[in-house]
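Student: I should like to take a close look at the salt bridges in this structure. Could you please guide me through them, and begin with how far the coordinates may be trusted?

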Amino acid sequence: MTTHIQSEKVRNRMKRRVALNKGLSGVFLLATMFGVFVLAVLFYQILTEGMPYINLDFLTGKLSTMPERAGIMGAILGTLWLMAVVIPVTIVLGVGTAIYNELYAKEGKLQNIIQTNISNLSGVPSIVYGILGMTIFASLLKLGSVVLAGGLTMSLLVLPIVIVSSQEALRAVPSYLSEASIGLGATKWQTIKNIILPAALPGILTGAILALSRAIGETAPLVVLGIPALLLPFPGGLFDRFTVLPMQIYYWTLDASLVAEYQFLASATIIVLLAMLFILNGTAIVIRNKFQRRY
Amino acid sequence: DDTSSGAESNGDSGSETEELSGSVAVDGSGTVYPLMARIAEEYMLTEEENVSVEVARSGTSAGFKKFLVEDGTDFNDASRHIKEEEQQMADDLGIEVKELKVALDGLTFVLHPDNDWATELTEQDVIDIFKADSDIVNWSDINPDFPDEKINTYGPNENHGTYEFFYETILEEQDLKADVNLQQDYSTLVTLVSEDVNGIGFFGFGYYVNNQDQLGAVNVNFGDGPVEPSLDTIAEDGAYAPFTRPVFTYLNVGMAKEKPQVKDYAVYLMEHINTFAGETGFAPLPDEEVQAMVDELKGL
Amino acid sequence: MIENNKESTSTVRVKSMIEQNRQRQSFRAVSEKAVPTVLLVIALISILTTIGIVFVLITETFEFFNRVSLVEFFTGTVLRPLSQDPKFGILPLINGTIISSAIAMFVAGPIGMMTAIYLSEYASDKARRVLKPVLELLAGIPTIVYGFFAFTFVTPFLRQFIPEMSATNILAPGLVMGVMIIPMIASLSEDAMSSVPNAMREGALALGSTKLEVTFKVIIPAAFSGIVAAFVLGISRAVGETMIVAIASGSSKNFTFDITQSMQTMTAYVVEVAGGDASPGSTIYYSLYAVAMTLFMFTLLMNILARYIARRFREEY
Amino acid sequence: MKFVTDIKNTRQEEKQQTTKVYETKDLNLWYGNTHALKNVNFPIYEQEVTAIIGPSGCGKSTFLKTLNRMVELVPSVHTSGTIEYRGENILAPDFMVEDLRTKVGMVFQKPNPFPKSIYDNIAYGPRIHGIKDRKILDEIVETSLRGAAIWNEVKDRLKENAYGMSGGQQQRLCIARALAIEPDVILMDEPTSALDPKSTLKVEELIQELKKDFSIVIVTHNMQQAARISDRTAFMLNGELIEYDYTDDIFQHPKDERTEDYITGRFG
Amino acid sequence: MKFVTDIKNTRQEEKQQTTKVYETKDLNLWYGNTHALKNVNFPIYEQEVTAIIGPSGCGKSTFLKTLNRMVELVPSVHTSGTIEYRGENILAPDFMVEDLRTKVGMVFQKPNPFPKSIYDNIAYGPRIHGIKDRKILDEIVETSLRGAAIWNEVKDRLKENAYGMSGGQQQRLCIARALAIEPDVILMDEPTSALDPKSTLKVEELIQELKKDFSIVIVTHNMQQAARISDRTAFMLNGELIEYDYTDDIFQHPKDERTEDYITGRFG
Ligand SMILES: Nc1ncnc2c1ncn2[C@@H]1O[C@H](COP(=O)(O)OP(=O)(O)OP(=O)(O)O)[C@@H](O)[C@H]1O
Ligand SMILES: Nc1ncnc2c1ncn2[C@@H]1O[C@H](COP(=O)(O)OP(=O)(O)OP(=O)(O)O)[C@@H](O)[C@H]1O
Ligand SMILES: [Mg+2]
Ligand SMILES: [Mg+2]
Ligand SMILES: O=P([O-])([O-])[O-]
């Protein structure tokens with residue numbers, strides 16, 4: 001064999017290659033830290049602007065045209081009401097669909113259509129859901145821009161997330177568990193109810209919580225639905241008009257040039273919204289860790 | 001002051017109904033919005049806690065479209081008179097519309113705070129800056145001493161009465177330049193102009209006074225020397241009169257008759273209009289004129 | 001066995017109890033049949049949603065094209081929906097959408113990819129455990145917050161360097177959108193890369209490759225379809241993003257390529273028109289649907305494309 | 001061969017005296033196009049331990065899972081032939097599988113307790129069959145755990161999660177779980193292959209004990225194990241039942257050459 | 001034992017004459033807290049096949065992967081002692097592993113071709129070392145494939161994806177890939193364990209062939225294989241090197257009892 005490899009040239013080249021690897025690994029690390037850096041700037045900016053405005057009056061007060069009087073209780077309650085619709089609807093529809101797809105549907109056309117459809121739905125821009133909600137819930141069903149319309153719109157929007165994550169959670173339940181149950185003479189539904197669902201529950205909950213945090217952070221569909229930032233009374237039911245935290249942020253950002261302080265109120269509201277999201281995500285992480293698979 | 005005015009109106013309307021509730025829907029002019037929102041809030045705070053007055057601001061024209069439909073809004077704020085075709089539509093629908101003049105506003109031309117050359121312009125200059133086929137493109141076209149930079153123009157879009165007032169009354173229906181940057185939100189306009197040294201924009205005086213730290217205003221020379229827009233000069237016979245316009249709110253009389261809270265609010269609105277006009281950047285109307293309207297409303 | 005007696009006595013009992021219960025439980029049989037049906041109905045709701053979207057969009061879009069010609073819509077460069085002489089050319093919106101998405105991808109593409117490489121090939125377990133949640137955090141921030149950030153921080157910051165930049169411009173939201181999409185591209189690409197079997201890495205390393213060579217000559221080619229799919233989904237996300245542009249790019253319907261200027265995207269148009277309360281029945285109201293339909297088709301195609309790529313071009317190993 | 005214990009030899013005399021629990025006739029099974037069982041004729045006798053041996057992929061597990069129709073969890077499966085359990089063809093389309101599986105318990109290769117407490121694991125079977133009375137359940141739990149020779153080890157921690165137990169304990173728990181619904185037959189698929197030698201011994205002893213009350217079919221890849229614990233042994237190859245006889249006969253005088261090759265380790 | 005071939009016996013005379021490629025001294029290796037290699041002293045000789053045998057988990061693969069420092073891919077690994085490769089301590093911190101791995105090729109248990117064409121698989125190594133000339137590459141590809149005894153099977157499909165080949169072909173392709181950068185030593189970790197008997201035979205023949213040009217270290221769980229193909233055999237147990245000698249000696253006269261136990265199948 002003629003040698004091509006073990007020459008001096010190859011050795012020198014190797015030094016360059018190793019150096020390049022080292023250099024670029026630094027670049028890759030920097031690129032990764034870029035995201036972290038932006039996050040830090042964003043938090044810093046929002047915290048310094050908004051923190052001075054956070055106090056009990058702000059959290060519990062009504063909306064006002066005067067910044068010193070303005071509070072976001074209405075938006076907080078609106079957000080909670082929205083969650084009150086989204087949670088049951090997405091859990092029932094999302095988990096139900098996931099169970100069907102994962103455990104009942106036979107491989108075939110229908111299953112294929114449903115599955116493809118769900119992944120397509122997850123790619124539809126949120127604003128299109130807004131238009132759907134505006135047309136069907138707000139106009140056609142004449143609900144107007146009330147909690148129920150907003151909640152249903154948001155539910156449809158996050159449904160694919162819940163379905164996909166629930167399906168993954170169900171799939172992750174080892175088949176030997178359901179086999180054990182079926183081997184004892186349990187019916188399919190008994191097995192699902194008693195074994196598979198409990199085992200998949202942490203995964204399902206995690207997905208549901210993440211979907212929920214998406215739902216309470218979304219703005220665009222609600223703008224389209226015509227959710228206003230008005231001096232509304234606090235929402236008290238499904239058929240009340242309402243506003244939510246992101247909408248409040250939106251309007252205050254827009255109005256910042258009307259009243260400069262609105263920008264700081266928007267920052268303060270962002271802090272509240274992010275705090276809510278952190279609590280939700282924290283819960284998801286706790287659930288994930290606490291109920292980590294023990295099988 | 002608040003409590004006294006609250007007590008006063010309590011005495012007036014308390015005789016009709018004990019406890020009012022329900023909602024009052026207001027939409028329309030963005031120009032008039034700050035004034036109307038301020039009064040609405042005061043009403044809910046001091047007068048009728050259980051009535052919810054919801055003030056939106058789609059713009060005068062867009063607002064009329066929501067006012068002139070079945071089960072439409074109760075009030076429509078407007079920064080111009082109702083148009084003939086709008087009145088026609090109201091008649092067709094059998095909606096009785098009552099015009100309530102609420103204050104006076106001066107169309108204000110605003111500049112970047114660093115713009116120190118264009119703080120005084122003639123009425124014609126202002127028109128030419130926005131008019132489609134005029135010779136004025138750069139600041140230096142007005143005066144060779146001005147910078148040789150393109151003038152960037154801004155204004156509210158066609159949803160707004162302010163646009164129509166400018167187009168109809170000031171430009172006398174000559175076309176605007178194609179590149180005028182028309183926006184839906186006044187706040188966007190404020191930002192745009194406040195950050196563009198070569199910019200000039202127009203909107204109601206209220207949006208200017210609220211942003212005086214970020215904006216400069218053009219003192220317009222209507223022939224007798226430059227006039228600064230202010231609550232004193234903005235009046236139907238004041239020095240700023242050519243750019244002064246009344247602003248309105250239109251009441252759906254049927255609604256007022258049907259829903260006691262609408263009527264109650266209408267009365268309250270007019271009784272307090274002059275109290276809040278100044279602080280939101282509007283020139284108040286003569287007291288007699290207002291009182292006459294209050295009496296009319298009470299008689300509905 | 002002592003236990004045996006006990007067992008045999010209870011044997012009879014438990015067996016017979018089970019037998020008895022079985023005969024009583026016709027309910028069990030019914031629920032066994034009913035449950036799949038109920039679940040199927042629930043599953044069909046997702047299909048119903050799609051049908052709803054398509055139906056709503058198509059019918060109203062149809063009405064729009066009764067009033068405005070297809071040609072004007074798709075070739076017009078002027079969009080003046082509110083003027084006395086309205087013009088409905090969608091090109092300014094498509095232009096704005098493409099430009100903002102391109103800026104976003106310009107940021108998210110390389111940075112997301114490099115992040116994926118770092119996380120999948122270089123990072124220690126510990127670093128990955130810290131960095132991934134931080135990036136997920138970035139992905140979980142509501143877009144309205146990003147919009148606010150673009151408008152109140154990024155634009156003023158950029159204007160220090162580009163004074164002629166407009167206060168509302170497409171550049172700032174584009175960049176911020178890019179930041180928002182980084183985690184998506186990074187995590188999908190990382191998934192694709194880390195699912196390349198370790199045997200492949202070992203094979204390459206054993207030949208004297210550096211990590212860099214392993215990454216670029218073996219891992220990325222092997223994960224290529226997954227990475228492309230991640231990019232396509234990233235684009236799709238950028239195209240569909242609304243609030244960031246709506247807040248930070250204003251609503252000028254300029255047909256321009258100057259990224260320091262305000263432009264409108266399809267999504268921002270929908271927000272403006274719907275938020276500005278277009279009254280039902282007006283042409284501008286129907287234009288909402290035509291634009292949304294265009295947007296829907298666009299993102300749908302992107303998603304189908306992503307799935308096709310991921311499936312079709314999967315390297316076999 | 002020395003590993004065939006003496007006790008077994010005494011059984012030679014009992015030949016053909018026990019009744020059949022299962023009678024499999026001309027059983028064929030396909031996974032899609034894979035012909036996994038070919039014309040299997042396979043009787044299983046009461047109160048015996050029947051071992052199935054054969055190289056990997058020969059169809060042992062498949063056959064075992066056909067006996068309680070668990071094999072149908074693979075959607076592509078189809079079968080021909082009949083399997084009679086106590087005289088009834090369990091492959092008949094209207095046959096109620098839940099019923100069959102209640103009577104035919106199964107223990108799997110990897111211990112697979114439910115992620116529940118030890119108590120709930122055992123009580124699961126009785127509960128799904130409608131037994132709710134706490135007292136009866138308590139009794140069943142104890143009896144079953146005793147039956148699986150694990151009561152003493154776990155009686156103080158019945159409320160603890162089953163995954164805190166060792167592998168061997170888990171496997172005996174799974175056997176106890178199967179016992180709790182008092183099956184007639186117990187199927188075991190390589191029940192000790194995931195266990196250490198000590199636990200394996202315990203489970204093997206348990207199987208010998210259980211034989212008194214149940215019929216047991218056990219798949220194993222460990223020929224010594226088959227020789228140690230079973231009464232009859234079946235040797236399968238490529239989906240066919242090559243030879244089936246008393247364990248002693250199979251190991252001492254295999255009739256088929258392939259059986260002999262396999263037993264002497266020439267392949268597999 | 002009959003499976004030790006005659007040819008081997010002639011080698012008895014050559015004892016200690018070849019030079020050492022590797023000299024491992026007091027090598028210890030930990031995975032975190034697991035002590036996986038304990039005081040290993042292990043010379044490896046030029047142009048020989050050195051086999052490493054031992055029960056699962058004894059550290060065979062770990063030792064092999066230490067020889068080209070691939071073991072460091074597990075982050076928790078740390079070592080003590082030295083391994084000299086041609087006189088240089090490869091465990092020294094500033095040692096350039098890429099250089100080492102260029103000289104020490106490796107073949108894995110499961111064939112792991114890159115998802116590229118056959119040609120590109122072979123050309124991969126030369127290319128990263130800067131060889132771009134198409135002609136030279138063509139030549140290297142052919143030589144390597146011939147060297148791995150697979151040229152005739154694939155010469156007409158060099159552009160096809162390597163995953164279209166059979167497992168045995170893939171394994172020989174991986175050997176060819178290692179040959180392409182002209183290594184000095186080739187490490188093989190159970191290279192035939194995933195292959196059928198026929199492919200195994202081919203690879204074994206190939207190893208015999210390669211020995212002429214390379215030093216080969218092979219891990220195998222198959223004692224017969226070690227006996228068939230290796231010159232020296234090392235027996236490891238629990239991370240220790242128990243015995244290391246000429247293959248014939250190890251199999252015929254093991255000195256350590258544990259080696260004997262293992263070879264005669266008493267455990268493992
Ligand atoms: N789910 C399945 N789908 C398709 N083919 C299968 C499936 N399960 C098993 N087979 C095939 O059926 C044949 C018999 O498999 P089976 O699992 O019964 O073998 P086994 O004897 O239990 O082997 P092992 O000792 O490895 O467990 C094999 O060829 C296998 O590939
Ligand atoms: N990545 C790892 N992390 C921690 N411990 C490991 C790792 N890899 C191997 N070990 C441990 O090191 C010891 C030796 O493992 P090694 O893989 O070298 O054994 P082996 O002899 O190759 O076994 P086999 O024949 O099963 O391949 C084992 O106890 C194993 O559990
Ligand atoms: Mg098996
Ligand atoms: Mg190994
Ligand atoms: O918002 P407008 O007052 O201009 O209609």
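Tutor: The term pLDDT denotes the predictor's confidence in each residue, on a scale from 0 to 100. It is needed here because this is a predicted model. Chain B may serve as the example: its mean pLDDT is 86, and 94% of its residues reach 70 or more. Within chain B, the lowest confidence is found in helix α1 (residues 2-13), with a mean of 41, and the highest in strand β3 (residues 75-78), at 94. Over residues 1-17 of chain B, pLDDT stays under 50, and the model has 16 contacts beyond four places in sequence for this stretch. Where pLDDT is low, the predicted coordinates should not be read in detail.

Let us turn to the salt bridges. Over all chains, a search of the whole structure finds 59 of them. One is formed in chain D by Glu46(D) and Arg86(D), whose closest N and O atoms are 2.7 Å apart. Glu46(D) belongs to the loop between β2 (34-45) and β3 (49-53) of chain D, and Arg86(D) to the loop between β4 (77-85) and β5 (88-89) of chain D, so the pair ties together parts that lie 40 residues apart in sequence. Glu46(D) is partly exposed, at a relative accessible area of 25%, and Arg86(D) is also partly exposed, at 38%.

Chain E offers a further pair, Glu142(E) and Arg146(E), whose side chains meet in a salt bridge with an N to O distance of 2.6 Å. Both residues lie in helix α5 (residues 134-147) of chain E, four residues apart, which is about one turn of the helix. Glu142(E) counts as partly exposed, with 28% relative accessibility, and Arg146(E) is partly exposed as well, with a relative accessible area of 47%.

Another salt bridge in chain E joins the side chains of Asp231(E) and Lys211(E), at 3.3 Å from N to O. Asp231(E) is located in the loop between α9 (223-229) and β9 (232-237) of chain E, while Lys211(E) is in the loop between α8 (197-210) and β8 (215-219) of chain E, so this pair ties together parts 20 residues apart in sequence. Asp231(E) and Lys211(E) are both buried.

Finally, salt bridges may share partners. In this way Arg69(A), Arg38(B), Glu41(B), Glu42(B) and Glu279(B) are joined into one network.

Notes:
Residues numbered from 1 in each chain as written. Chains lettered and ligands numbered in written order. Predicted model: local features only at pLDDT ≥ 70, side-chain atom pairs only at ≥ 80, totals over all residues. Heavy atoms only, no water. Helix = DSSP H or I, 4+ residues; strand = E, 2+ residues; numbered from the N terminus. Contact = heavy atoms within 4.5 Å. Salt bridge = Lys/Arg side-chain N within 4 Å of Asp/Glu carboxyl O. Buried < 20%, exposed > 50% of the residue type's maximum accessible area, 1.4 Å probe, protein only.
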